[in-house]
Amino acid sequence: MNDMTGLEMQHGRLFVGRLPYKKDLITSVENFCKESSIDMAVFSIIGAVSSVTIGSYDQKQQVYVSHFEKAPLEILTCTGNISLKKGNPVAHAHIVLCDEEGKTTGGHLFSDTIVFAAEIELQELIGNTLERVYDKNTGLMLWKFI
Amino acid sequence: MNDMTGLEMQHGRLFVGRLPYKKDLITSVENFCKESSIDMAVFSIIGAVSSVTIGSYDQKQQVYVSHFEKAPLEILTCTGNISLKKGNPVAHAHIVLCDEEGKTTGGHLFSDTIVFAAEIELQELIGNTLERVYDKNTGLMLWKFI
Amino acid sequence: MNDMTGLEMQHGRLFVGRLPYKKDLITSVENFCKESSIDMAVFSIIGAVSSVTIGSYDQKQQVYVSHFEKAPLEILTCTGNISLKKGNPVAHAHIVLCDEEGKTTGGHLFSDTIVFAAEIELQELIGNTLERVYDKNTGLMLWKFI
């Protein structure tokens, strides 16, 4: 595989919304997708959290390492997508945050990240199924394209 | 409110453009929206600034704290939206910047941020009015969905 | 030029995809665009790299300064566009990365940035040609709008 592989998608429904106060960020997005029958989407969020769980993937050990931080932080960007894992819509998102001094941090976003306020734009994708399967090169669950 | 609340929108006009040299970033975007009769939109910007005013929201005191910095900085991401406040289109945007050593900073974006060069993608949203109203949980002006 | 200048575009094809393992990020995106006859687009990427070349534009000297770093880093955001330079589709992208401690860095993205895993959303733009030409204010190759 020498080139980018991909699927052409159609634009489905386009939503703008707010994530609920004091609730988990990823769970809120995934619940909305389940209730709205959204299997595939891309989304973008700005806002603030009262705590966050972020991490990164150890490319050698092939495991995610994460840590929890309780602090008021701005969400400077949170970019993600929705696709299927074992038939359920799951979110994959990366986030950049900053504290009151503008000091930035970020990582792969995990649950146990509590929203203070968050505005989301979510574009549903319509087309062939985007399903995550085990990728032996990376040890990650990645999209498989034929 | 346990779940994400939102509105389904239609895709309006899609613009790509440049923000003017040595002018205020937010004012330029808001002026373009007023002149183009855009009430609701989402946008994304990359580029560079010669000075920036960024801050964060003090979740306890419920006030924004901001600071000004005069320095040549890259705009690594600037994600925002346009919605109505008292009938006028206003921008809400968060930004990530870096200096010449790649050191990042960021925050809620304020006016008195001067563009060196900036490329914008702006998607107009068509649908029920997105209006900001006072939210008592956070003290912020947030979108109200019925 | 006091205001944002821009072009209204039509939505072309929408792709989601993966960038190839151990290949150059920008080259992979540009090759996909050439093979798919895409002249103009906006895109967004999350994922991870095994090495990166980033930099910033020296606004006084009007030259790009870049540096290479070999390290496993998460791509927290990578926002970019495709437009024409001398008739060829070229990518302009800015990136935010973090290491295993969540420490962020970023900059203008250059080639010699090797993908570990990367998920891309790419929206083709259809309309009048977006072409980069020399801009005397900044010394950059920027879009010219009449």
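Copies here are superposed by least squares on the C-alpha atoms of residues with pLDDT of at least 70 in both. Keep that in mind as we look at how chains A and B fit together in this predicted model.

**How the two copies relate**

Lay chain B on chain A and the RMSD comes out at 0.0 Å, after a turn of 120° and a shift of 0.0 Å along the axis. Why those values? Because that is the relation of a three-fold axis. The copies use different surfaces, though: just 11% of the contact residues of chain B recur in chain A. If you're hunting for the rotation axis, look for T104(B), the residue of chain B that comes closest to it, at 3.8 Å (C-alpha).

**Where chain B touches chain A**

On the chain B side, 36 residues are in contact with 34 residues of chain A. Several strands of chain B each supply at least two residues to that side: β1 (5–19), β2 (41–58), β3 (63–85), β4 (88–98), β5 (104–109) and β8 (141–143). The largest share, six residues, comes from β1(B). Sorted by class, this side of chain B has 16 nonpolar, 17 polar and three charged residues.

β1(B) also takes part in strand pairing across the two chains: β1 of chain A (residues 5–19) and β1(B) pair in the antiparallel sense over five bridges. To find a spot on that pairing, pick out G17(A), which stands opposite G6(B) in β1(B).

**A closer look at β2(B)**

Now for β2(B), one of the strands that supply residues to the side touching chain A. Is β2(B) mostly covered or mostly open? It's mostly covered, with 14 of its 18 residues buried. Within chain B, β2(B) has these pairings:

| Partner of β2(B) | Bridges | Sense | A pair to look for |
|---|---|---|---|
| β3(B) | 16 bridges | antiparallel | V52(B) opposite E69(B) |
| β6(B), residues 114–126 | ten bridges | antiparallel | S44(B) with E121(B) |
| β5(B) | two bridges | antiparallel | I54(B) with L109(B) |

β2(B) and β3(B) also form a hairpin, with four residues between the strands. In that hairpin, Q62(B) takes a positive phi near 55°.

When you trace any of these strands by eye, one general point helps: in a regular strand the side chains alternate between the two faces of the sheet.

Key: Residues numbered from 1 in each chain as written. Chains lettered and ligands numbered in written order. Predicted model: local features only at pLDDT ≥ 70, side-chain atom pairs only at ≥ 80, totals over all residues. Contact = placed C-beta atoms within 7 Å. Nonpolar A, V, L, I, M, F, W, Y, C, P; charged D, E, K, R; others polar. Pairing = 2+ DSSP bridges. Buried ≥ 20, exposed ≤ 12 C-beta atoms within 10 Å, placed from the backbone.
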